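Colleague: I would like a close look at a single part of this protein, with enough of the surroundings to place it. Here is the entry I mean.

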Amino acid sequence: MMRVMITESVAEMDRAAARIIEERIRGCPGVVLGLPTGRTPSGMYREVARLHAGEGLDFSNVTTFNVDELCGLPPGDPRSFSQFMRRHLFDHVNIPAGNIHVPDGSAGNLVEACRSYEEAIEKAGGIDLLVLGIGLNGHIGFNEPGTELGSVTHVVRLSETTRERLSGFTTLDAAPDRGITMGIKTIMRARMILLLACGRVKARILRQALCGPVTPDCPASILQIHPVLTVIADRNAWSECAASPGDPCLGESDRAALS
């Protein structure tokens with residue numbers, strides 16, 4: 001079932017997403033979270049940190065698994081996703097270091113690193129809530145168009161579109177061309193998925209993902225068949241989804257969410 005929440009601003013989207021994370025943590029202190037990096041979730045992390053500082057949101061029993069990481073960068077590199085997470089969340093909440101998991105993009109054996117990461121997720125009991133953004137080409141995590149829908153954690157070659165949007169690299173040539181990512185099958189095993197989208201630049205791909213055919217050409221389209229999917233989008237991102245009671249791409253519960 002897909003639930004849609006449309007917000008009037010990005011700040012409102014950030015607050016709504018943070019409150020969903022808060023609800024899961026307060027309802028189950030030992031919750032396992034799957035977390036993304038990038039521009040879209042930054043404000044959400046700021047709100048989550050505020051909830052910890054101001055309202056006592058406790059991360060002491062929370063376990064996290066990051067969706068992806070760049071290859072070739074040590075965890076201490078300021079451009080790594082590991083450091084992104086520290087700057088935006090981990091350094092601001094009371095999560096134990098041993099509960100934090102990020103794929104090892106600097107491993108000597110990347111295939112083994114992928115296998116170990118998948119095993120660690122399984123050992124933790126799976127992911128309870130997985131937060132995702134959506135790329136301009138429909139990628140989720142680093143699963144680029146054409147990725148097999150049955151894939152698990154694996155090494156991928158990044159598209160030029162994805163590399164252009166990586167922060168911290170002065171030129172396209174300087175940006176890594178590979179990454180480690182949870183596979184689509186790994187993502188779909190999460191018990192609940194929260195998809196975030198903001199800005200008119202995401203409008204076309206969001207409609208394709210939610211209302212078009214389920215196809216490897218748009219990896220995010222697989223989310224249509226997840227049993228518990230919540231989409232939070234600002235009005236700009238939702239602008240090409242015909243947000244009306246007659247929209248054929250929305251179910252009954254989704255139409256109710258728009259009223």
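In which loop, and between which strands, does Asn143 lie? Please describe its surroundings, and then the rest of the chain as far as it helps.

Modeller: The model is a predicted one. Asn143 lies in the loop that runs between β6 (129-132) and β7 (154-157). Despite its place in a loop, Asn143 is buried, because its relative accessible area is 0% and the limit for buried is under 20%.

The side chain of Asn143 has two backbone oxygens beside it. The backbone oxygen of Met182 lies 2.8 Å from a polar atom of that side chain. For the backbone oxygen of Ile140, the distance to a polar atom of the Asn143 side chain is 3.0 Å. Both Ile140 and Met182 therefore meet the 3.5 Å cut-off for a polar contact with Asn143.

Leaving aside residues up to four places away in sequence, Asn143 touches Ser151, His154, Thr181, Met182, Gly183, Ile184, Ile187 and Pro219. Met182 thus appears both in this list and as the owner of one of the two backbone oxygens. Another member of the list, His154, falls at the start of β7 (154-157).

Pro216 belongs to another loop, the one between α7 (203-211) and β10 (229-234). With a relative accessible area of 31%, Pro216 is partly exposed, whereas Asn143 is buried. Pro216 touches Glu144, Pro145, Gly146, Thr147 and Leu149, again without counting residues up to four places away in sequence. Glu144 comes directly after Asn143 in the numbering, so the contacts of Pro216 reach the loop between β6 and β7, given the 4.5 Å limit for a contact. Gly168 is a different case: Pro216 and Gly168 are 48 residues apart in sequence and 29 Å apart in space, C-alpha to C-alpha.

At the other end of that loop's description stands β6 (129-132), and Leu129 leads from there to Arg24. Arg24 is found in helix α1 (residues 10-27). Arg24 and Leu129 are 105 residues apart in sequence, yet their C-alpha atoms are 7.8 Å apart in space. Beyond four places in sequence, Arg24 touches Val31, Asp128, Leu129 and Met192. The relative accessible area of Arg24 is 28%, which makes this residue partly exposed.

Helix α3 (residues 81-88) holds two further residues that may be of use, one of them Arg87. Arg87 is partly exposed, at a relative accessible area of 43%, and touches Pro78 and His92 when residues up to four places away are set aside. From Arg87 to Tyr45 the separation is 42 residues in sequence and 9.8 Å in space, C-alpha to C-alpha. Ser82 is also found in helix α3, but Ser82 is buried, with a relative accessible area of 12%. Its contacts outside the four-place window are Glu69, Pro75 and Val102.

Next to Val102 in the numbering is His101, which sits in strand β5 (residues 100-101). His101 is partly exposed, with a relative accessible area of 23%. Not counting residues up to four places away, His101 touches Thr63, Thr64, Phe65, Asn66 and Tyr117. The last of these, Tyr117, is 16 residues from His101 in sequence and 8.2 Å from it in space, C-alpha to C-alpha.

As for the chain as a whole, there are 8 helices and 10 strands. Of its 259 residues, 53% count as buried, and Asn143 is one with a buried position. A compact globule with 259 residues would have a radius of gyration near 18 Å, and the 17 Å of this chain agrees with that. Along the principal axes, the C-alpha atoms fill a box of roughly 55 × 40 × 35 Å.

Contacts between residues 24 or more positions apart make up 79% of those with a separation of 6 or more. The chain exposes about 11,100 Å², of which carbon and sulfur atoms supply 51%. The chain has 26 positive and 30 negative charges, and the mean positions of these two sets are 2 Å apart.

To return to the request: Asn143 is a buried residue in the loop between β6 and β7, with backbone oxygens of Ile140 and Met182 beside polar atoms of its side chain.

Notes. This is a predicted model: local features need pLDDT of at least 70, side-chain atom pairs count only at pLDDT 80 or more; totals for chains, interfaces and linings use all residues. Side-chain values use heavy atoms; hydrogens and water are left out. Helices (H or I, at least four residues) and strands (E, at least two) are DSSP runs, numbered from the N terminus. Buried means under 20% relative accessible area, exposed over 50%, partly exposed in between (1.4 Å probe, protein chains only). A polar contact is a pair of N or O atoms within 3.5 Å; within protein, one must be able to donate a hydrogen and the other to accept it, and residues adjacent in sequence count only if both atoms are side-chain atoms. The radius of gyration is taken over C-alpha atoms; the globule rule is 2.2 Å times the number of residues to the power 0.38. Accessible areas come from the Shrake-Rupley method with a 1.4 Å probe; for residues, only the protein chains shown count as cover. Lys and Arg count as positive and Asp and Glu as negative; His and the chain ends are not counted. The place of a charge is taken as NZ of Lys, CZ of Arg, CG of Asp or CD of Glu.
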